[in-house]
Amino acid sequence: MVITRLLQLPERFHKTIGLLRNADLLIIMGTSLKVHPFATLTQLVPEGCPRVLINLDPAGDIGTRPDDVVLLGKSDDIVRELCKELGQDWVDELDALWKETEKYAHVEGAEAEVKQNLVISAEGKVPRPELE
């Protein structure tokens, strides 16, 4: 099953892709890296730039470079463990940020709005033209 967004990426996205060529660290979370243009973004960072994948499954070419780090599991759990390693201040800030997002989790109508912006295709095809 593939979920395809019907919304266009913002112009800012396209204007800032070049910044990846100067990245010191790339963190990739919760993606299969099969949908373009995102699938190719990981290849834009320079050699020697650590690429960290936090995901349930391996994705893309992450793990093929010497500086790559692959952390497989639930993203929330892995992020929490990383924060614990960095210190209690990080854990406290993470908890505060997650608490802030709770107000969006139960907003009436939010689920319907999300469904309007997504097309689910079992065949993995792009949305039909009449839906775009």
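# Working chat on a predicted model

User: What does the accessible surface of the protein chain come to, and what share belongs to carbon and sulfur atoms?

Analyst: The protein chain has an accessible surface of about 10100 Å², and carbon and sulfur atoms hold 56% of that. Please keep in mind that this is a predicted model.

User: Noted. What percentage of the residues count as buried?

Analyst: The protein chain has 132 residues, and 23% of these count as buried.

User: How many helices and strands are there, and in what order do they run?

Analyst: The protein chain contains five helices and five strands. Starting at the N terminus, the order is β-α-β-α-β-β-α-α-α-β.

User: What share of the contacts links residues 24 or more positions apart?

Analyst: If one takes the contacts with a separation of 6 or more, 47% of them are between residues at least 24 positions apart.

User: Let us turn to the sheet. Which strands form the open sheet, and is the pairing parallel or antiparallel?

Analyst: The open sheet has three strands, in the order β2-β3-β4, and their pairing is parallel. The edges are β2 (26-29) and β4 (69-72); each has a single partner strand, so one side of each has no neighbour in the sheet. On average, neighbouring strands of this sheet are turned by 10 degrees against each other, direction ignored.

User: How many bridges does β3 make with β2, and how many with β4?

Analyst: β2 and β3 pair over four bridges. I28 is a useful example, with L53 as its bridge partner in β3. On the other pairing, strand β3 (residues 51-55) is joined to β4 by four bridges. There, V52 has V69 of β4 as its bridge partner.

User: Is β3 largely enclosed or open, and why?

Analyst: β3 is largely enclosed by the rest of the structure, because five of its five residues are buried. Both of its faces are covered: R51, L53 and N55 are buried on one side, and V52 and I54 are buried on the other.

User: Which helix lies across β2, β3 and β4?

Analyst: Helix α3 (residues 75-86) lies across these strands, and its direction is at about 130 degrees to β3.

User: Changing topic: how many salt bridges are there?

Analyst: The count comes to six salt bridges. One of them involves R51 of β3, whose side chain meets that of D61 at 3.1 Å, N to O. R51 lies in strand β3 and D61 in the loop between β3 and β4, so this pair ties together parts that are ten residues apart in sequence.

User: Are R51 and D61 buried or exposed?

Analyst: R51 counts as buried because its relative accessibility is 0%. D61 has a relative accessibility of 23% and counts as partly exposed; residues under 20% would be buried.

User: What else does D61 touch, and which residues share its network of salt bridges?

Analyst: Leaving out residues up to four places away in sequence, D61 touches T42, Q43, R51 and D68. The salt-bridge network links R51, D61 and D68. D61 is also 8.9 Å from L33, C-alpha to C-alpha, with their positions 28 residues apart in sequence.

User: Which residue forms a salt bridge with E47, and where do the two lie?

Analyst: The partner of E47 is R65, with the closest N and O atoms 3.5 Å apart. E47 lies in the loop between α2 (38-41) and β3, while R65 lies in the loop between β3 and β4, so the pair ties together parts that are 18 residues apart in sequence. E47 is exposed, at 62% relative accessible area, whereas R65 counts as buried at 13%.

User: Where do E11 and K15 lie, and how many residues apart are they?

Analyst: Both E11 and K15 lie in helix α1, and they are four residues apart, about one turn of the helix. Their side chains meet in a salt bridge of 2.9 Å, N to O. E11 and K15 are both exposed.

User: One last topic: which residues make the nonpolar surface patch?

Analyst: L9, V35 and F38 make this patch, which covers about 230 Å². Of these, L9 is located in the loop between β1 (2-5) and α1 (11-16). L9 is partly exposed, with a relative accessible area of 31%.

Note on methods:
Residues are numbered from 1 along each chain as its sequence is written. This is a predicted model: local features need pLDDT of at least 70, side-chain atom pairs count only at pLDDT 80 or more; totals for chains, interfaces and linings use all residues. Side-chain values use heavy atoms; hydrogens and water are left out. Buried means under 20% relative accessible area, exposed over 50%, partly exposed in between (1.4 Å probe, protein chains only). Contact means heavy atoms within 4.5 Å. Accessible areas come from the Shrake-Rupley method with a 1.4 Å probe; for residues, only the protein chains shown count as cover. Patches are made of residues with over 30% relative accessible area and no salt bridge: like charges are joined within 9 Å, nonpolar side chains (Val, Leu, Ile, Met, Phe, Trp, Tyr) within 5 Å. A salt bridge is a side-chain nitrogen of Lys or Arg within 4 Å of a carboxyl oxygen of Asp or Glu. Two strands pair if DSSP finds at least two bridges between them. Axes are lines fitted to C-alpha atoms, for helices over the stretch in contact, and angles run from 0 to 180 degrees between N-to-C directions.
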